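This report concerns the packing of side chains in one protein model. Please examine the structure shown below before reading on.

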Amino acid sequence: MALNARLDHRNPLVFDTHELGRRPGALQRLNRTVDAPKDLGIKGVVGVPEGAPVELDLRLESVMEGVLVTGTARATAEGECVRCLEPLELELAADFQEMFSYPDADDRGRVTAEPGDDAEDDEDRLFLEDGLFDLEPVLRDAVVLALPMQPVCQEDCPGLCSECGARLADDPEHHHNAVDIRWAALQGLADTMKDGEKDEMSGAEPGVDEKQEK
């Protein structure tokens, strides 16, 4: 990844590492509650609403290459049950660890990969800018990985009735009298035969009325 551009220290997801002083082994622990950024989660499925509180517990460790950031984000995610379509809430705890490299890490003796791999490695790396780093992309990836792709309101949610759409959890005895399609044709034939018999019964036999009249 290219170097971060113009990081704003006023952004709650931008952190300052100057206190570490680029001393390998130096540690700093931070606790911060921030507002969730936009689209924090799986769009259209489940996620942390924009502006909702996100609690961050961070451990910053200075190493030769940069600053290793380890932490946990806690928040409440909202979504819709994929079985019964009811709104749901999930308590989220997303763990993450990411290295933010110094821009001059290579010049400071970093062990490089095989020749020709540097360009590809740089695309995947995050860098410090003037001692600052932006946690948002790391937080976003961690939250997406921690969320279920198919959230349910409860593990044994029975979902909706396939016939009428009723929520089965509200009425465990809910059912419909299903007709076996294998017998449906025979039932129709039987009904037709009954109708024919009725027609025959309603029709007079030849000569019967005449005999009765005589």
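In this predicted model, valine 48 touches Ala36, Leu40, Val54, Ala75, Thr76, Ala77 and Leu92, when residues up to four places away in sequence are not counted. Val48 also belongs to the largest nonpolar core, which has 35 residues. Val48, Val54, Leu56, Leu58, Val69 and Leu135 are the members that touch the most other members of this core. Several elements give two or more residues to this core, including those in the table.

| Element | Residues |
|---|---|
| Strand 2 | 27-35 |
| Strand 5 | 53-62 |
| Strand 6 | 66-80 |
| Strand 7 | 87-101 |
| Helix 2 | 136-146 |

Strand 6 gives the most to this core, namely five residues. Apart from this core lies another one, made of five residues, among them Cys81, Cys84, Leu88 and Cys157. As a general tendency, nonpolar side chains in soluble globular proteins are buried together.

Aromatic rings form a further topic. Two aromatic pairs are found in a search of the whole structure. In one stacked pair, the rings of phenylalanine 15 and phenylalanine 133 lie 5.5 Å apart, centre to centre, with 15° between the planes. This pair links distant parts of the chain: phenylalanine 15 belongs to strand 1 (residues 14-16) and phenylalanine 133 to strand 9 (residues 132-134), 118 residues apart. Both phenylalanine 15 and phenylalanine 133 are buried. Through ring pairs, Phe15, Phe100 and Phe133 are linked into a cluster.

A ring also takes part in a contact with a charge: the charged end of arginine 22 sits over the ring of tyrosine 102, at 3.7 Å from the ring's centre.

How values were computed: Residues numbered from 1 in each chain as written. Predicted model: local features only at pLDDT ≥ 70, side-chain atom pairs only at ≥ 80, totals over all residues. Heavy atoms only, no water. Core = buried A, V, L, I, M, F, W, Y, C linked by side-chain atoms within 4.5 Å. Buried < 20%, exposed > 50% of the residue type's maximum accessible area, 1.4 Å probe, protein only. Helix = DSSP H or I, 4+ residues; strand = E, 2+ residues; numbered from the N terminus. Contact = heavy atoms within 4.5 Å. Phe/Tyr/Trp six-rings, centres within 6.5 Å; stacked < 30°, edge-to-face > 60°. Lys NZ or Arg CZ within 6 Å of the ring centre and 35° of its normal.
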